[in-house]
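Subject: The structure I promised you

Hi,

Here is the structure for you to open and turn around on your screen. Have a look first, then read on for what I found in it.

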Amino acid sequence: ERLEESTMSYKKKFSGFITKGMQRRYSSWYLFIVMLFCLTVPAFPEEVLIPGDSKLEESFSELSKKGQIEKEFHLYATDGYQEMADGELIYFWGFTHAKDFVDVGEIKTKEERDGKLLPLKVPGDEIRLISGKNYIVVLHNAGFYEIEKHSGVHGVPHTIHFHGLDLIPTYDGVPNLPYTPVFPGEKYRYLLTMPEDVEGSYLGHCHVDTTNHLMAGMYFPVIVEKKPNEIYGYKFDREYTLIMSEVDSEYMEMLRTEGNIRRGLDWKPNYFMLNGRIFMDNLSNPLSTVNDPKTRVVAYEGETVLIRLMAVGYNHIFAWHTHGFHGLIIGTDGRKLSYPYEKDTLLIGSGERYDILYKIPDFSAKRGCLSCNYGAGISIAHDHNMMGMASQGIYPHGPQTFFDVRAKSTKANDK
């Protein structure tokens with residue numbers, strides 16, 4: 001109310017100034033003020049860069065001149081819809097980007113967003129970094145375009161928190177410690193140097209009003225590797241990043257239309273997802289987990305498969321369970337385990353990450369999973385917390401996928 005009164009008072013004063021200026025005795029003075037204003041205020045202000053640590057900016061500028069910046073990633077925070085395999089369109093917030101993460105400048109309209117950026121996906125696309133290299137991640141706040149006119153989430157700011165990476169406060173993504181979050185029309189540069197001894201699986205997510213922003217879909221995987229096809233000294237043939245998460249589609253619609261961010265305790269998840277998808281008993285459904293090449297685990301006899309397992313949730317504890325295989329857990333939260341151990345059911349809470357190796361036995365392409373009954377070489381992996389296997393109350397519409405083991409002889413043909 002005070003803000004509205006202040007705004008109204010300002011509008012009355014400004015209107016009075018205009019009226020007074022139109023009077024003949026003030027016309028020359030008024031013309032001078034208008035000309036001065038036009039000269040000092042740009043008609044089309046550019047995207048505002050929030051200044052970071054000046055010394056670090058200077059050092060990274062020198063690294064850039066020497067060609068020692070490995071890559072620059074440009075991420076855009078915005079909103080959008082994602083279609084689920086059951087036909088439901090769910091409203092999400094998230095991070096997207098242009099092709100190859102290039103800078104496309106400020107996004108001012110929905111048309112610009114849709115024309116310059118890739119469609120929003122939850123989770124966002126992976127960022128992959130190499131140990132010992134320097135990177136710049138630029139967060140642009142592109143704004144929300146799908147919300148109702150009177151929704152309370154117009155103009156909300158965002159940050160990126162690199163969950164699990166031990167960074168200085170300047171780049172840790174906690175708002176106002178020490179830098180302000182990124183509002184629409186603004187951007188912020190995260191300057192990252194990956195230590196030589198750091199590798200593993202991490203998350204990026206917004207740390208503004210985390211209950212709302214994280215659960216709304218603002219998260220993506222961050223992978224740090226020393227060498228391709230190797231982690232913590234272990235070799236593997238192929239890898240999959242699997243993020244188990246949840247969403248309350250009704251709560252998300254409330255944010256879109258009403259925008260009341262103080263109803264966080266109303267969150268009641270009705271979709272439980274794997275890489276943003278749910279399993280459908282109709283195996284030909286193109287939006288099902290098993291028809292997503294990043295989520296269906298394809299392997300060949302004799303191979304070793306790395307699963308980077310992550311979780312994002314409100315209060316649901318996921319229980320990752322594989323039929324037919326025990327996995328060797330070699331690392332957790334970006335740290336190598338001194339004593340690896342085997343599990344076929346692993347509890348994972350929000351923010352946790354596990355690195356798991358699965359050794360695929362010879363002749364397993366011919367073996368059928370009796371509890372799955374999907375044919376030779378096919379077994380399932382799913383959430384064994386049964387609440388998570390019933391999106392919209394329907395089983396088995398949850399975070400379930402296939403381990404699809406194929407004969408060695410077919411490997412060349414599949415390429």
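Strand β4 (residues 127–130) runs alongside β9, and the two pair in the parallel sense over 4 bridges. Keep in mind that this is a predicted model, so treat everything below as computed from a prediction. If you want to find the pairing on screen, look for Leu-129, whose bridge partner in β9 is Val-224. Then find Ile-130, which stands opposite Glu-225 in β9.

On its other pairing, β9 teams up with strand β8 (residues 200–205), this time in the antiparallel sense and over 6 bridges. A good landmark here is Ser-201, which has Ile-223 of β9 as its bridge partner.

Now for the side chains. In a regular strand they alternate between the two faces of the sheet. You can see that in β4: Ile-127 and Leu-129 point to one face and are buried, while Arg-128 and Ile-130 point to the other face and are not.

What about β9: are its two faces covered or not? Both are covered. Tyr-219, Pro-221, Ile-223 and Glu-225 are buried on one side, and Phe-220, Val-222 and Val-224 are buried on the other. Since 7 of the 7 residues of β9 (residues 219–225) are buried, this strand is largely enclosed by the rest of the structure.

Two more strand residues deserve a click. Glu-230 sits in strand β10 (residues 230–231). Why does Glu-230 count as buried? Its relative accessibility is 16%, and the cut-off for buried is under 20%, so Glu-230 falls on the buried side. The side chain of Glu-230 also makes a polar contact, at 2.8 Å, with the side chain of Lys-235.

The other residue is Thr-401, in strand β22 (residues 401–406). Thr-401 is buried too, with a relative accessible area of 0%. Try lining it up with Leu-242: the two are 159 residues apart in sequence, yet their C-alpha atoms are 10.0 Å apart in space.

Next, a helix. How far apart should the ends of α3 be? With 12 residues (54–65) at 1.5 Å a residue, α3 should span 16 Å; the span counts one less than the number of residues. In the model its end C-alpha atoms are 17 Å apart, which agrees. At the N-terminal end, Asp-53 acts as a cap, with a side-chain oxygen 3.1 Å from the backbone nitrogen of Lys-55. Just after the helix, Gly-67 takes a positive phi of about 70°.

Finally, the empty spaces. Rolling a probe the size of a water molecule over the atoms shows where empty space is left. Let's start with the pockets, which are open.

The largest pocket has a volume of about 550 Å³. Its lining is made up of 21 residues, and Lys-121, Asp-125, Asn-275, Asp-292 and Lys-294 lie nearest its centre. By class, that lining has 7 nonpolar, 5 polar and 9 charged residues. Both β2 (69–83) and β12 (238–247) supply at least two residues to the lining, and the largest share, 4 residues, comes from β12.

The second largest pocket has a volume of about 150 Å³. Among the residues lining this pocket are Thr-78, Asp-79, Arg-113, Asp-114 and Glu-146. Here the classes come to 5 nonpolar, 3 polar and 4 charged residues. Strand β2 turns up again: β2 and α4 (110–116) each give at least two lining residues, with β2 providing the largest share at 4 residues.

Then there are the closed spaces. How many cavities of 30 Å³ or more does the structure hold? There are 3. The largest cavity has a volume of about 90 Å³ and is lined by 15 residues. Nearest its centre you will find Gly-173, Tyr-179, Thr-180, Tyr-188 and Tyr-190. The lining of this cavity has 10 nonpolar and 5 polar residues, and no charged ones.

If you would like a place to begin, colour β9 and step out to its partners, β4 and β8.

Cheers

Notes
Residues are numbered from 1 along each chain as its sequence is written. This is a predicted model: local features need pLDDT of at least 70, side-chain atom pairs count only at pLDDT 80 or more; totals for chains, interfaces and linings use all residues. Side-chain values use heavy atoms; hydrogens and water are left out. A polar contact is a pair of N or O atoms within 3.5 Å; within protein, one must be able to donate a hydrogen and the other to accept it, and residues adjacent in sequence count only if both atoms are side-chain atoms. On a 1 Å grid over the protein atoms alone, a cavity is a set of points where a 1.4 Å probe fits but cannot get out, and a pocket is an open set with protein on both sides within 12 Å along at least five of seven lines; lining residues have an atom within 4 Å of a point. Grid points are joined across faces, edges and corners, and a volume is the space filled by probe spheres set on the points. Ala, Val, Leu, Ile, Met, Phe, Trp, Tyr, Cys and Pro count as nonpolar, Asp, Glu, Lys and Arg as charged, and the others, Gly among them, as polar. Buried means under 20% relative accessible area, exposed over 50%, partly exposed in between (1.4 Å probe, protein chains only). Two strands pair if DSSP finds at least two bridges between them.
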